[in-house]
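Welcome, and thanks for opening your viewer. Let's walk through a few stops together, selecting as we go.

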Amino acid sequence: MSWLILILIFLLSAIKNNKDGDPLRVSVVIPAYNEEKNVSHVVKTALSCNYVHEVLVVDDGSTDNTYEKAKVAGASIIRHTTNQGKGAALKTGFKHSKGDIVAFIDGDLENLTTKQVDNMIKPILDGKADITKTKFKREAGRVTELTAKPLLNFFFPEIKFDQPLSGQFAAKRTALNKIRFEEDYGVDVGIVLDADVKGLHIKEVDIGHINHEMSNLADLNVVANEVVRTIVDRAMEYGRVTMMDSMGKFIRMGILGLSLSSLGVFGVFFIRIIPATIWIIIAFVGMLMAIYYIFKLIKRSFHMLVRQEGRTQSLKSFTYMHFPILVSGIILIAMLSTLLGAVHVYDGKISIEPNSGNLIIWKNSTNNKTFDVRGPYTVDSALENENTSIRIPAGALDTFSLTYGDKLYIAGQGYVLNQPRPGEENIIRIPLQVRQNLDLGVGEVIQDGNLRKVFNNVYAQKSLSTEGSKSSNITLQEGILIQNSEEKGRQVNIYVDNEKLTSTSGVMTNGSYTIYINGQKVRTIKFSENSFMKEYFVYWGAHEIKIQIQDEVITDSRFVPANTGKFLNFNITGNID
């Protein structure tokens, strides 16, 4: 039993140690070139931090007493026989370090404190960052402000550090293994760029005031060249130059196409000085342009984002860089969607109806027109002494499939449809009695697509065209009920003495339909959907009128039954030719 207890204690201890883990080891790497003045202080400050396991000084070919000062201070020394550059020194130090976390601290800091070292390393020990870089109060920063920041803002706009070139870093070893160390002064910004593109969590920490030796102009020129080279190289490597060049062009041209499409659609509905044909051409050309460039943008983006490294950060930078123009594109698409969103289909016509003029597109044009812009219509009161007429715009009349001179019968009273007054092309003047019956108020706005809803089931006497017929002495009206939607109806052909006079269509329900000639009722047709005659005859003197009912068609009108009005009303003057 005691053996089982010992084994259990051992397992629990092992689980606890595995859970807690060993404390992370911290190495400090100090690159130094002729830093005998301050290197000893930097080493002692780093060693005074109880979590620092080792301090490595990389003597980069110094010709002064840097080696001796660092050795006496307690650092491990690695020597370069010649000066190879800061980046090479950092790479050497990292290669020989053993810590799970590696901090890089310049060897020329005059007033470095343990608190500043803590500020660098603690966020990583606490799991709040993969890499920390420092910012501090100091003079100079000319290379940062005049070269690094402008270039970063151009190629890597997502990077917004106050001091991207500060030489003090700390990072997890696992993070540093993913980064390429430059050999020269480009190493600092290179670490920032690699870490950003690879999606590592970088935290900029403020370590207060430190004293650096001021570099002369010649040295700053070298630093600036190496920083610029590093940023441009990384921009080329990570596709940022391509993004600014071809991808930027694709985005701009795509947005231009969307803009032209929006302008064209907007012009159709709102700008009537220019013919609608011109606006539709502009919209069509813009849409083709947008489709072409957006396709190229998607293709190029795919090739850029399938890279093994940096795809997330490249996408982030892509979005950030072009955020304003992308938002513009979304707005334009929203405008198009709104304008084209309300679509109604009836009588072979597609009606696109935003809260403005309504674009009507014919699938089967009967008057050599394929599109029109209609409405919206504002309701107004009838003019004085026009109590038996309705002034209605031509567009609204086309929507009803009626013509001027036709009549609407509302509450038993007939109202003649007349043209609007000049300047009132979108105003419908309706007598008071009609407005009350239709529940319409003065100033109410009716969209073209809602006209049939408002006048649903209103009885209309509609003139039928007899053009092409030899019977010039005959005019004909049909009685219909205005319908809100399309239904299955019947094609009706009308012949006089075996010559086709005209044809029409409408819904026929079971019941009676009356035929009038010169105001006299001459016949009532009995219609039943289950069994009906295909031909009905009416005789007027020596002449024969044939009403032929054919197969089903789709129609938006309903033939008026006998108890409501006249199905067909012939007006014959003189002899039929």
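Which residues does Phe 570 touch, not counting residues up to four places away in sequence? Select Phe 570 and you will find Ile 474, Thr 475, Leu 476, Ile 494, Leu 501, Ile 515, Tyr 516, Ile 517, Asn 518, Ile 545 and Ile 547 in contact (heavy atoms within 4.5 Å).

A word on the model before moving on. This is a predicted model, in which local features need pLDDT of at least 70 and side-chain atom pairs count only at pLDDT 80 or more, while totals for chains, interfaces and linings use all residues. Residues are numbered from 1 along each chain as its sequence is written, and side-chain values use heavy atoms, leaving out hydrogens and water.

**The cores**

Next, add Ile 390, Leu 408, Phe 455, Ile 494 and Ile 547 to Phe 570: these six touch the most other members of the largest nonpolar core, which has 47 residues. Such a core is a set of buried Ala, Val, Leu, Ile, Met, Phe, Trp, Tyr and Cys residues joined through side-chain atoms within 4.5 Å. Buried means under 20% relative accessible area, exposed over 50%, and partly exposed in between (1.4 Å probe, protein chains only). Strand β19 (residues 474–496) gives this core its largest share, seven residues; strands (E, at least two residues) and helices (H or I, at least four) are DSSP runs numbered from the N terminus. For a second, separate core of 36 residues, select Ile 159, Leu 165, Ile 179 and Val 227, which are among its members.

**A lysine in a strand**

Now go to Lys 462 in strand β18 (residues 459–464). Lys 462 counts as buried because its relative accessibility is 16%. Its contacts include Asp 406, Leu 476 and Glu 478, and its side chain reaches the backbone oxygen of Ser 401 at 3.2 Å.

**Salt bridges**

There are 20 salt bridges in the structure, each a side-chain nitrogen of Lys or Arg within 4 Å of a carboxyl oxygen of Asp or Glu. Select Glu 182 and Arg 229, whose side chains meet in one (3.3 Å, N to O). Glu 182 sits in the loop between α7 and α8 and Arg 229 in helix α9 (residues 217–237), so the pair ties together parts 47 residues apart in sequence. Glu 182 is buried at 11% relative accessibility, whereas Arg 229 is partly exposed at 31%. Add Arg 180, Asp 194, Asp 233 and Arg 234 to see the network of salt bridges that links them with this pair.

Notes. Polar contact = N/O pair within 3.5 Å; in protein donor to acceptor, adjacent residues only side chain to side chain.
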